[in-house]
Amino acid sequence: MDFEEKLKQAIERGHRRGEASADAQRRQKLSESEIRNRHNQIRLRVSDHIERAIRKIADHFPGFQTEILYGEKGWGAAITRDDHTGPGRSVFSRLELFVRPLSSLGIVDVIAKGTIRNRELFSRNYYDELESTNVEKLELMVDTWLLEYAELYAAH
C-alpha cells in the first residue's frame with residue numbers, strides 16, 4: 001500500500017470519526033419534549049421545596065399569610081404581612097419565590113423578591129442551562145435566600 005492509499009484511508013477514518021462525534025452530540029442534545037419534561041421535573045421539585053421552606057418562615061414570624069403562586073408568572077410561594085401601626089397607617093412585608101415558566105432559551109430561572117416594612121430590600125435572580133441544572137444546588141440557593149430574608153426581617 002502506497003502513501004496515497006494510506007492517506008485516503010486516514011481521511012476516510014477522520015470523516016467517520018467526525019460523523020460519529022456529530023451523531024453523539026445530536027443524541028446528547030435534548031429534544032423539545034425532553035426539555036419540557038426536564039423543566040417540569042425541576043420546576044415541581046424546586047417549587048415544592050420553596051413551598052415547604054417558606055411555610056417554615058411564616059411559622060417563625062406570626063402574622064404572615066402563606067400564598068401558593070402558579071400561573072403565567074411562575075410556580076412557587078409567597079408570604080405576606082400587613083401590620084397596622086396606627087390610624088390609617090400600615091406596614092407591608094412580603095417575600096415571594098418562584099420558578100419562571102419555560103422560555104425559548106432552555107433555562108431554569110428562579111426569582112426571589114422581598115419587601116420589608118414598605119421597602120423592597122431583597123431581589124435575587126438565578127438561572128442555569130436546563131441540561132446542566134443541579135437541583136440540589138437550586139434548593140440550597142433557595143434555602144440561602146430564605147435565611148437571608150429572615151435575617152433581614154428580624155433585624156427590622
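Modeller: Start with accessibility. A residue is buried under 20% relative accessible area, exposed over 50%, and partly exposed in between, with a 1.4 Å probe and protein chains only. This is a predicted model: local features need pLDDT of at least 70 and side-chain atom pairs pLDDT 80 or more, while totals for chains, interfaces and linings use all residues. Residues are numbered from 1 along each chain as its sequence is written, and side-chain values use heavy atoms, leaving out hydrogens and water.

Colleague: Is Phe3 buried or exposed?

Modeller: Phe3 counts as exposed, at 64% relative accessibility. Phe3 belongs to helix 1, residues 3–28. Helices (H or I, at least four residues) and strands (E, at least two) are DSSP runs, numbered from the N terminus.

Colleague: Which residues make a nonpolar surface patch with Phe3?

Modeller: A patch is built from residues with over 30% relative accessible area and no salt bridge; nonpolar side chains (Val, Leu, Ile, Met, Phe, Trp, Tyr) are joined within 5 Å, like charges within 9 Å. The areas come from the Shrake-Rupley method with a 1.4 Å probe, and for residues only the protein chains shown count as cover. Here Phe3, Leu7 and Ile11 make a nonpolar patch of about 310 Å².

Colleague: And the interior: how many residues does the largest nonpolar core have?

Modeller: A nonpolar core is a set of buried Ala, Val, Leu, Ile, Met, Phe, Trp, Tyr and Cys residues joined through side-chain atoms within 4.5 Å. The largest one has 30 residues, and Val46, Leu95, Leu97, Leu138, Trp145 and Leu146 have the most contacts inside it. At least two residues of this core come from each of helix 2, strand 2 (75–86), strand 3 (89–99), strand 4 (107–116), strand 5 and helix 3. Helix 3 gives the largest share, nine residues.

Colleague: What does Leu138 touch?

Modeller: Contact means heavy atoms within 4.5 Å. Apart from neighbours within four places in sequence, Leu138 is in contact with Ile42, Val46, Val108, Val110, Tyr126 and Thr133.

Colleague: Where is Thr133 found?

Modeller: Thr133 sits in the loop between strand 5 (119–129) and helix 3 (135–155). With a relative accessible area of 7%, Thr133 is buried. Not counting residues up to four places away in sequence, Thr133 touches Arg38, Ile42, Val108, Asp128 and Leu138.

Colleague: What lies 2.6 Å from a polar atom of the Thr133 side chain?

Modeller: A polar contact is a pair of N or O atoms within 3.5 Å; within protein, one must be able to donate a hydrogen and the other to accept it, and residues adjacent in sequence count only if both atoms are side-chain atoms. For Thr133, the partner at 2.6 Å is the backbone oxygen of Glu129. His39 offers another case: its side chain reaches the backbone oxygen of Arg100 at 3.3 Å. His39 lies in helix 2, residues 32–60, and is buried at 3% relative accessible area. Among the residues that His39 touches, not counting those up to four places away in sequence, are Val99, Arg100, Val108 and Leu130.

Colleague: Next, charged pairs. How many salt bridges does the structure hold?

Modeller: Side chains of opposite charge can pair when their charged atoms come close. A salt bridge is a side-chain nitrogen of Lys or Arg within 4 Å of a carboxyl oxygen of Asp or Glu. The structure holds nine. One of them joins Glu96 and Lys73, with the closest N and O atoms 2.9 Å apart. Glu96 is in strand 3 and Lys73 in the loop between strand 1 (65–69) and strand 2, so the pair ties together parts 23 residues apart in sequence. Glu96 counts as buried at 7% relative accessibility, whereas Lys73 is partly exposed at 46%.

Colleague: Which residues are linked in a network of salt bridges?

Modeller: Glu67, Lys73, Arg94 and Glu96 are linked in this way. Elsewhere, Asp109 and Arg100 meet in a salt bridge at 3.6 Å, N to O. Asp109 counts as buried, at 12% relative accessibility, and Arg100 as partly exposed, at 39%.

Colleague: Last, the backbone. What is the phi of Arg117?

Modeller: Arg117 has a positive phi of about 50°, although it is not a glycine. Asn118, likewise a residue other than glycine, has a positive phi near 70°. Arg117 lies in the loop between strand 4 and strand 5, as does Asn118. Arg117 is partly exposed at 42%, and Asn118 counts as partly exposed at 47%.
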